[in-house]
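Please read this report alongside the sequence and the coordinates. It moves from the overall fold to single residues.

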Amino acid sequence: MEFITNNARETEDVGRKIASRLSGGEIFALVGDLGAGKTTFVQGFAQELGIDRVISPTFIIMRSYDARGKIKTLYHVDLYRLENNIKEELDNLGITGIWGSPDTVVLIEWADKAKKMLPENAQFIDFEYLDENKRRIVF
Ligand SMILES: Nc1ncnc2c1ncn2[C@@H]1O[C@H](COP(=O)(O)OP(=O)(O)OP(=O)(O)O)[C@@H](O)[C@H]1O
Ligand SMILES: [Mg+2]
């Protein structure tokens, strides 16, 4: 599945759409360069679950949000600042003990840094910067 978006709002809409058909326990591995639209996607996704203000978790690695509906908690992880011992860091954050639980959804930015340690059911989404306002999003 591929989407070309022409502004940030359209990228949020893609996030909203994906979030509207969750079963629970999903793990989304978001991959793409700086400014490719990963956080923008998460913002739309979170809005669909009743979460209004998503702040980029770059400096603290992970933020959790109470959600509305069958998903109780959204975890937003950003691995940008992690270089080494990523498995250990993820364990320390507690996320490896949580992901896959049916009342949660996990979105991980810069997930390519953790590729080998993600669960098998992680769904990769690639974000590509096409031009100032255009992005390609591929599932
Ligand atoms: N079509 C588009 N989709 C998403 N963002 C867009 C689009 N067009 C312009 N933008 C702008 O590009 C920027 C995307 O930033 P965003 O924080 O979502 O990227 P990111 O992939 O999370 O980057 P980082 O790796 O730094 O966390 C925003 O400033 C947004 O307004
Ligand atoms: Mg981001």
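The report below covers the fold, the core, one helix, the ligand shell and some loop residues.

**Basis.** This is a predicted model: local features need pLDDT of at least 70, side-chain atom pairs count only at pLDDT 80 or more, and totals for chains, interfaces and linings use all residues. Residues are numbered from 1 along each chain as its sequence is written, while chains are lettered from A and ligands numbered from 1 in the order in which they are written.

**Overall fold.** The chain has four helices and seven strands. These are DSSP runs numbered from the N terminus, with helices being H or I of at least four residues and strands being E of at least two. From the N terminus on, the order is β-α-β-α-β-β-α-α-β-β-β. The C-alpha atoms fill a box of roughly 40 × 35 × 25 Å along the principal axes. The radius of gyration is 14 Å, which agrees with the value near 14 Å for a compact globule of 139 residues. That radius is taken over C-alpha atoms, and the globule rule is 2.2 Å times the number of residues to the power 0.38.

Two residues are in contact if their C-beta atoms, placed from the backbone, lie within 7 Å. Of the contacts with a separation of 6 or more, 66% join residues 24 or more positions apart. Buried residues make up 39% of the 139 residues. A residue is buried with 20 or more other C-beta atoms within 10 Å of its own, exposed with 12 or fewer, and partly exposed in between; the C-beta atoms are placed from the backbone.

**Core.** The largest nonpolar core has 34 residues. Such a core is a set of buried Ala, Val, Leu, Ile, Met, Phe, Trp, Tyr and Cys residues joined through C-beta atoms within 7 Å. Leu30, Leu74, Val106, Leu107 and Ile108 have the most contacts inside it. Helix H1 (8–19), strand E2 (27–31), helix H2 (38–48), strand E4 (73–78), strand E5 (104–109) and strand E6 (123–129) each supply at least two of its residues. Leaving aside neighbours within four places in sequence, Val106 is in contact with Ile27, Tyr75, Val77, Ile95 and Trp99.

**Helix H2.** H2 is mostly covered, with ten of its eleven residues buried. Among them are Phe41, Val42, Phe45 and Ala46. The buried residues of H2 pack against H1, E2, E3, E4, E5 and E6. Gly50 follows H2 and has a positive phi, near 85°.

**Ligand 1.** Which residues are closest to ligand 1? They are Thr11, Gly37, Lys38, Thr39 and Thr40, out of 21 that surround the ligand. A residue is near the ligand if its C-beta atom, placed from the backbone, lies within 6 Å of it. H1 and H2 each supply at least two residues of this shell. By class, the shell has five nonpolar, eleven polar and five charged residues.

**Loop residues.** Asn85 and Trp110 both have positive phi without being glycine.

| Residue | Loop | Phi | C-beta neighbours inside 10 Å |
|---|---|---|---|
| Asn85 | between E4 and helix H3 (86–93) | about 50° | 10, exposed |
| Trp110 | between E5 and E6 | near 55° | 21, buried |

Ile60 lies in the loop between H2 and strand E3 (62–66). Ile60 is exposed because 11 other C-beta atoms lie within 10 Å. Ile60 and Leu79 are 19 residues apart in sequence and 9.6 Å apart in space, C-alpha to C-alpha.

Key:
Nonpolar A, V, L, I, M, F, W, Y, C, P; charged D, E, K, R; others polar.
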